[in-house]
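Grab a pencil and work through a few exercises on a protein model. Try each task yourself before you read its solution.

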Amino acid sequence: MNMKKLILICGLALLLVGSVSTVSAGWFDFLEGNTTEHNFGNFSMNVPKNATFNETVEPNGLDAIKALAVKYFDGAVNITFADPKWKDPQYAEFLHPAWGNDQYSLVVEYINCSEDNITFDNVAEKLYPNSKEVNKTEDTAYYTYSDFNQTVSVKNHENKSLVIVRSNDTGLVNQMSDSLHFK
């Protein structure tokens, strides 16, 4: 009978050590509730609880910046993305909305495919020309963007819109992309 108790105690000790190791390795981070759902308008996703986002704009590629400069600024333009003037509808064909968070080196972008002339198939070419495709399925693509040492996730919604998440933290990009819900 003492042998059975010893085996049971050893088994429980191993279970306890394994559980502590698993929790400390971050496998059960979802139990901590370290994310919260954030509404971005056309979509929502889980973001870090303490993250705040500044709404900005991003260009629809280098060609869009050149066309914007020629059409409105006599060939030269310097875009300070946080400048509210860029939200003017007259610039909509050249720019798309984005939300930035410096703490996590994080940018979330929303592409309306018909307005922005960007598709799931050409998004990397237009926006991230020095990127390398890591994985691509029917509705999700992952890239490494060497210009900024970032991971980029692109989620396709019925070929009508795209949501891009990019950051230096690959785990954060994956977590946010997995929680994305289009409206």
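The exercises below start with the whole chain and then move to single helices, cores and residues of this predicted model.

**Exercise 1: The whole chain**

Task: Find out how many helices and strands the chain has, and what percentage of its residues is buried.

Solution:
- Step 1. Go through the secondary structure: you should get five helices and 10 strands.
- Step 2. Now look at burial. The chain has 183 residues, and buried ones make up 38% of them.
- Step 3. Turn to the contacts with a separation of 6 or more. Residues 24 or more positions apart account for 48% of these.

**Exercise 2: Two sides of a helix**

Task: Take helix α2 and work out which of its residues are buried and which are exposed.

Solution:
- Step 1. Helix α2 covers residues 62–72, and its buried residues are A64, L68 and A69.
- Step 2. Look down the axis of α2. The buried residues fall within an arc of 135°, so they line one face of the helix.
- Step 3. Check the other side of α2, where L62, D63, K66 and V70 are exposed.
- Step 4. Go just past the end of α2: D74 has a positive phi of about 50°.

**Exercise 3: Helix α5 and its cover**

Task: Which residues of α5 are buried, and what covers them?

Solution:
- Step 1. The buried residues here are L172, V173, M176 and S177.
- Step 2. Those residues span an arc of only 125° around the axis, which puts them on the same side of α5.
- Step 3. Their cover includes β2, β5, β7, β8 and β9.
- Step 4. Look at the N-terminal end of α5, which D169 caps. One of its side-chain oxygens lies 3.1 Å from the backbone nitrogen of G171.

**Exercise 4: Into the core**

Task: Name the residues with the most contacts inside the largest nonpolar core, and say which elements each supply at least two of its residues.

Solution:
- Step 1. This core has 17 residues, and those with the most contacts inside it are F40, F43, M45, F53, V108, V163 and M176.
- Step 2. At least two residues of the core come from each of β2 (43–48), β5 (106–112), β9 (161–167) and α5 (170–178).
- Step 3. Zoom in on V108. Skipping residues up to four places away in sequence, V108 touches partners including F40, F43, M45, F53, W99, V163 and M176.
- Step 4. There is another core apart from this one. That core has 15 residues, among them I111, C113, L127 and L162.

**Exercise 5: Rings that meet**

Task: Decide how the rings of F40 and W99 are arranged, and use their centres and planes to back it up.

Solution:
- Step 1. The whole structure holds 13 aromatic pairs.
- Step 2. For F40 and W99, the ring centres are 5.2 Å apart and the planes are at 70°. Planes over 60 degrees apart count as edge-to-face, so this pair is edge-to-face.
- Step 3. Place the partners: F40 lies in the loop between β1 (35–39) and β2, while W99 is in strand β4, so the pair ties together parts 59 residues apart in sequence.
- Step 4. F40 and W99 are both buried.
- Step 5. Compare Y128 and Y145, another edge-to-face pair, with 4.9 Å from centre to centre and 75° between the planes.
- Step 6. Back to F40 and W99: ring pairs link them with F43, F53 and Y110 into a cluster.

**Exercise 6: Polar residues inside**

Task: Are E109 and T151 buried or exposed, and which side chains do they make polar contacts with?

Solution:
- Step 1. The cut-off for buried is under 20% relative accessible area. E109 has 2% relative accessibility, so E109 counts as buried.
- Step 2. E109 is found in strand β5. The side chain of E109 makes a polar contact of 2.6 Å with that of H96, and one of 3.0 Å with that of R166.
- Step 3. T151, at 10% relative accessibility, also counts as buried. T151 is part of strand β8.
- Step 4. The side chains of T151 and T170 make a polar contact of 2.7 Å.

Note on methods: Residues are numbered from 1 along each chain as its sequence is written. This is a predicted model: local features need pLDDT of at least 70, side-chain atom pairs count only at pLDDT 80 or more; totals for chains, interfaces and linings use all residues. Side-chain values use heavy atoms; hydrogens and water are left out. Buried means under 20% relative accessible area, exposed over 50%, partly exposed in between (1.4 Å probe, protein chains only). Helices (H or I, at least four residues) and strands (E, at least two) are DSSP runs, numbered from the N terminus. The arc is that of the directions from the helix axis to the C-beta atoms. A nonpolar core is a set of buried Ala, Val, Leu, Ile, Met, Phe, Trp, Tyr and Cys residues joined through side-chain atoms within 4.5 Å. Contact means heavy atoms within 4.5 Å. A polar contact is a pair of N or O atoms within 3.5 Å; within protein, one must be able to donate a hydrogen and the other to accept it, and residues adjacent in sequence count only if both atoms are side-chain atoms. Rings of Phe, Tyr and Trp (its six-membered ring) pair if their centres lie within 6.5 Å; planes under 30 degrees apart count as stacked, over 60 as edge-to-face and the rest as tilted.
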